[in-house]
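Colleague: Could you take a close look at how the helices pack against each other here, and then at the cavities? I'd like one connected walk through the contacts.

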Amino acid sequence: MGQSSSTAAVPSCRDNNYSHRLKVKPTALITPMQAEETDDWQGTIDGFADYISDLPDECLAVIFQSLGSGDRKRCSLVCRRWLKIEGQSRHRLSLNAQADLFPMIPSLFDRFDAVTKLALKCDRRSVSIRDDGLLLISLRCRNLTRLKLRACRELTDAGMAAFAKNCKGLKKLSCGSCTFGAKGMNAVLDHCSSLEELSVKRLRGITDVAAAEPIGPGLAAASLKTICLKELYNGQCFGPLIIGAKKLRTLKLFRCSGDWDKLLQLIADRVSGMVEIHLERLQVSDYGLSAISSSLDLEILHLVKTPECTNNGLVSVAERCKLLRKLHIDGWKANRIGDEGLVAIAKYCPNLQELVLIGVNPTKVSLEMLASNCQNLERLALCGSDTVGDAEISCIAAKCVALKKLCIKSCPVSDSGLEALASGCPNLVKVKVKKCRGVTPDGADLLRTRRVSLAVNLDTGEPEHQDASASDGGAQDNAIELPPVGGGGGGGSSQIYAAQLGSSRSTSFKSRLGLLSGRSFVACTLRRLSGGNSSSRGNS
């Protein structure tokens with residue numbers, strides 16, 4: 001089945017006649033299991049009466065949906081009823097999309113028949129699922145709204161076209177390291193008229209920029225709100241799509257080759273409602289920034305390692321994009337953005353809430369003006385700045401009244417600078433100091449002592465665990481370990497699951513532990529949901 005080998009086979013259990021007292025109108029398409037099992041619980045769990053068997057399927061489904069992936073898997077091993085309810089109430093699924101997944105697709109989606117978010121991921125060294133597998137999935141999951149494809153190299157334009165025709169309600173598509181080309185992408189854009197988010201990374205099916213087929217706009221252009229292009233040798237082929245997306249709100253371009261200045265000008269002339277733009281390691285200059293400045297509703301701007309951008313381009317953005325709330329700049333030590341651009345931001349963007357400066361050298365002049373004019377500044381990160389010392393930190397402490405989080409990395413700051421924070425920034429809740437040689441553990445301890453409620457995180461230069469910059473992250477899809485489909489007849493599918501998952505006596509023993517854990521866990525959850533009522537009755 002392509003899932004983790006740690007998943008154990010379902011232990012044999014004898015069904016019990018569950019009396020399902022459905023007191024509410026069903027809200028989910030869950031078919032109760034009319035099984036005939038007898039179990040060994042004898043009406044009690046850990047000394048408490050077993051009311052779980054009397055719960056309607058819908059209530060169990062709600063409980064399952066509040067659990068993590070591991071707990072859901074363990075609950076599905078309790079009995080056949082729980083197995084089926086867990087499958088029917090699961091909307092998100094992540095599969096190892098190797099070629100041998102194909103024969104198990106029917107049984108998989110018989111169990112998980114309500115999936116709306118699907119991730120198909122293949123190891124780079126393995127043969128991925130092919131067009132026939134994707135077609136079969138599309139026939140079983142016509143209500144799919146999100147699809148993530150990773151390293152599915154065997155998928156072609158024809159497979160993507162067939163999928164798009166069957167899953168017209170798709171709202172989000174993310175594909176990386178795939179080999180289909182412009183025809184496959186255009187098929188999705190032509191059939192999925194509700195598509196809102198598109199993320200493409202290393203699409204290898206388009207190699208020659210000059211001869212590449214343009215992508216878009218298609219029917220999806222009318223609904224697209226977010227476009228993210230990463231590591232594309234031919235990213236400008238998506239130009240027609242970006243230009244045609246009139247409702248586009250977010251544009252992210254990471255490490256895409258070619259000169260983007262002219263295309264950004266065309267985009268700015270046609271798309272006026274963008275609120276978030278990310279440019280990272282892109283060939284873009286002040287001409288491109290000037291084009292971006294026509295997006296008057298712009299609130300979030302990331303300029304990461306774009307060495308051709310200077311103060312002049314940042315000034316043009318500041319003068320027109322007065323709603324800017326978040327600004328991230330990684331100057332890459334080019335020293336082309338400094339006080340002049342930051343002073344313009346302070347002057348024209350009073351709503352600024354988050355500022356991240358990496359490899360930029362601001363002085364007390366610009367920092368003081370930012371602190372004075374941007375009264376809503378809550379998050380500030382200064383990384384790799386040679387000009388940020390104790391005087392600059394003291395200025396921040398005195399002026400940044402609304403500041404809540406401060407990050408300082410690889411700056412010439414000492415304990416004296418930290419001491420200034422002890423009496424400044426009244427709303428500060430967290431300070432992170434990393435690789436600042438002048439700051440000692442004693443200085444951090446002193447700050448903790450003087451401001452007990454302040455969280456002070458000091459890293460003097462040991463191996464890194466987390467990046468210092470305050471970058472945004474996305475929610476990751478929950479990959480799950482799928483237990484085999486339970487059933488009375490064993491049959492061929494059970495043998496396939498057992499062979500795929502490598503069941504053994506040890507895993508069977510672990511599954512028994514998981515069975516007890518799952519049932520006891522839900523029992524505890526029910527007791528918590530009931531509040532203190534049961535305990536109060538017991539005390540009385």
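Modeller: Here's the helix packing, pair by pair, followed by the cavities.

Quick ground rules: this is a predicted model, where local features need pLDDT of at least 70, side-chain atom pairs count only at pLDDT 80 or more, and totals for chains, interfaces and linings use all residues. Residues are numbered from 1 along each chain as its sequence is written, and side-chain values use heavy atoms, with hydrogens and water left out.

Two packed helices are described by the angle between their axes and the distance between the axes. Axes here are lines fitted to C-alpha atoms, for helices over the stretch in contact, with angles running from 0 to 180 degrees between N-to-C directions. The helices themselves are DSSP runs (H or I, at least four residues), numbered from the N terminus.

Start with α12 (residues 339-348) and α13 (residues 364-373): their axes sit 8 Å apart at an angle of about 10°. That makes the two roughly parallel (angles under 35 degrees; over 145 is roughly antiparallel, 65 to 115 roughly perpendicular, and the rest oblique). On the α12 side, Asp-339, Leu-342, Val-343, Ile-345, Ala-346 and Lys-347 are in contact (heavy atoms within 4.5 Å) with Val-365, Ser-366, Met-369, Leu-370 and Asn-373 of α13. By class, that contact has seven nonpolar, two polar and two charged residues (Ala, Val, Leu, Ile, Met, Phe, Trp, Tyr, Cys and Pro count as nonpolar, Asp, Glu, Lys and Arg as charged, and the others, Gly among them, as polar).

Now α5 (residues 131-140) and α6 (residues 157-166), which pack at about 5° with axes 9 Å apart, so they too are roughly parallel to each other. Asp-131, Leu-134, Leu-135, Ser-138 and Leu-139 come from α5, while α6 brings Ala-158, Gly-159, Met-160, Ala-162, Phe-163 and Asn-166. The tally is seven nonpolar, three polar and one charged.

Then there's α2 (residues 69-76) with α3 (residues 80-88), whose axes come within 7 Å and cross at roughly 140°, so this pair is oblique. Arg-72, Cys-75 and Ser-76 of α2 meet Trp-82, Leu-83 and Glu-86 of α3, giving three nonpolar, one polar and two charged residues.

As for cavities (sets of points on a 1 Å grid over the protein atoms alone where a 1.4 Å probe fits but cannot get out), the whole structure has four of 30 Å³ or more. The largest holds about 70 Å³, a volume being the space filled by probe spheres set on the points, which are joined across faces, edges and corners. Its lining residues (an atom within 4 Å of a point) include Leu-303, Cys-309, Trp-332 and Arg-336. The lining divides into seven nonpolar, two polar and three charged residues.

Key. 1 Å grid on protein atoms, 1.4 Å probe; cavity = no way out; pocket = protein on both sides within 12 Å on 5 of 7 lines; lining within 4 Å.
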